[in-house]
Amino acid sequence: MMKMMEVYKKNEALYLDLKINFTGELKVSINNDPNEKKEGKEILCQFKEGVSGPVPEEKMKRILYKTHIGEDAYVGAERRVPIAGLYNCRDLGGYPTTDGRMTRWGLLYRSDAPDHLGSSDWAYLKNMKLSSVIDLRSPAEIELNPDIAVGEKYHYNFDPHARVARKASETPSNKSNKDKQKVEKLVELSGTKEGQERLIRMQQQMVVQMRELVLSQKAKDAYTDFLNVLLRAEVPDLFHCQGGKDRTGWAAAIILGLVGVDKETIYADYFLTEHYNRPRNEKRMAVYQQYTDNSFVLDYLASLQLTRAEYLDSAFQAMEEVYGTMENYAVEALGMTEESIDKLKELYVY
């Protein structure tokens, strides 16, 4: 049976955790091919109460670690892709399914936009040998900040037409007064009781947006195209919007739900965005705070960036109200069949 090995950094050193009480020496395979079509090299690791480390790592390659205890295989990789230029690029592998299996590592990556990569970040992503990149942003966002190609064979743009998500993804810059102008307009709006109430209501825009990501025809068309790429197994695949939060978050929820990951785990994956994007969001809010200390304005701007349970709740509630289950939603709205759902499981679950 395939089991999860947690791979994590502590004080810049790499550790492996089998999540069992095992002490002893094991051979661990390290491989940068997620399909394991080529042999990885082996290292000897000493485990104490299930944990080994620090262990050697290859700085410029995406590595999967694998070992065996009896009939059980333990496999894992770092959740977040360890590059500076992307805050929220992470692997969807290693999540348990309700039938006792686990999502495959190294095939599906959800991310923020690769539109601002340094040379070492670019080289790392190129070494991952991505087959496809799926950009879920609007044409206007792409024109402003196009992806940097990293050697992928296929590059797609499937736009769910998410107006509020586009607003949330706007990146402030000290080099322009655009942000100052935006804040000044919001401060002006907050100058009346009616304006303050409107700003409070506007904090719920993302709740409405997430519902539209399920029910609007534009969104259904975009996620249908997204699933068709995955069914063609154009992997490894990296899919993203600007911050990798909402449009990307619902795409990840669809995939994880269809292959059998439970809702609690899907929410846990969604909330990782809050953790990984925190430095990015703090920088953005610091720019806005240069122009105002108005709490109505700052609370509204923060609401666009936060990863709240009520946002994902809204998407699930819309899906369940109209379609009942994720499988019914996929079949009735996204062009899937029982056979294609089974194929997704075959492709993306151990």
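## Salt-bridge exercises

Glutamate 57 and lysine 59 form a salt bridge whose closest N and O atoms are 3.4 Å apart. The model you are working with is predicted, and the exercises below walk through this pair and a few others.

**Exercise 1.** Classify glutamate 57 and lysine 59 as buried, partly exposed or exposed.

*Solution.* Start with the cut-offs: under 20% relative accessible area is buried, and over 50% is exposed. Glutamate 57 has 24%, so this residue is partly exposed. Lysine 59 has 58%, so this one is exposed.

**Exercise 2.** Find which parts of the chain are tied together by the pair arginine 62 and aspartate 91.

*Solution.* First, check the contact: the two side chains meet in a salt bridge, at 2.9 Å from N to O. Next, place the partners: arginine 62 sits in the loop between strand E6 (51-52) and strand E7 (64-69), while aspartate 91 belongs to strand E9 (residues 90-91). The pair therefore links parts that are 29 residues apart in sequence. Finally, look at accessibility: both arginine 62 and aspartate 91 are buried.

**Exercise 3.** Confirm that aspartate 99 and arginine 101 qualify as a salt bridge, then classify arginine 101.

*Solution.* The closest N and O atoms of aspartate 99 and arginine 101 are 3.3 Å apart. The cut-off is 4 Å, so the pair qualifies. Arginine 101 has a relative accessible area of 33%, so this residue is partly exposed.

**Exercise 4.** Name the residues that shared salt-bridge partners join into one network with Glu57.

*Solution.* Follow the shared partners: Lys9, Glu57, Lys59 and Glu78 come together in one network. For the wider picture, the structure holds 21 salt bridges.

How values were computed. Residues numbered from 1 in each chain as written. Predicted model: local features only at pLDDT ≥ 70, side-chain atom pairs only at ≥ 80, totals over all residues. Heavy atoms only, no water. Buried < 20%, exposed > 50% of the residue type's maximum accessible area, 1.4 Å probe, protein only. Helix = DSSP H or I, 4+ residues; strand = E, 2+ residues; numbered from the N terminus.
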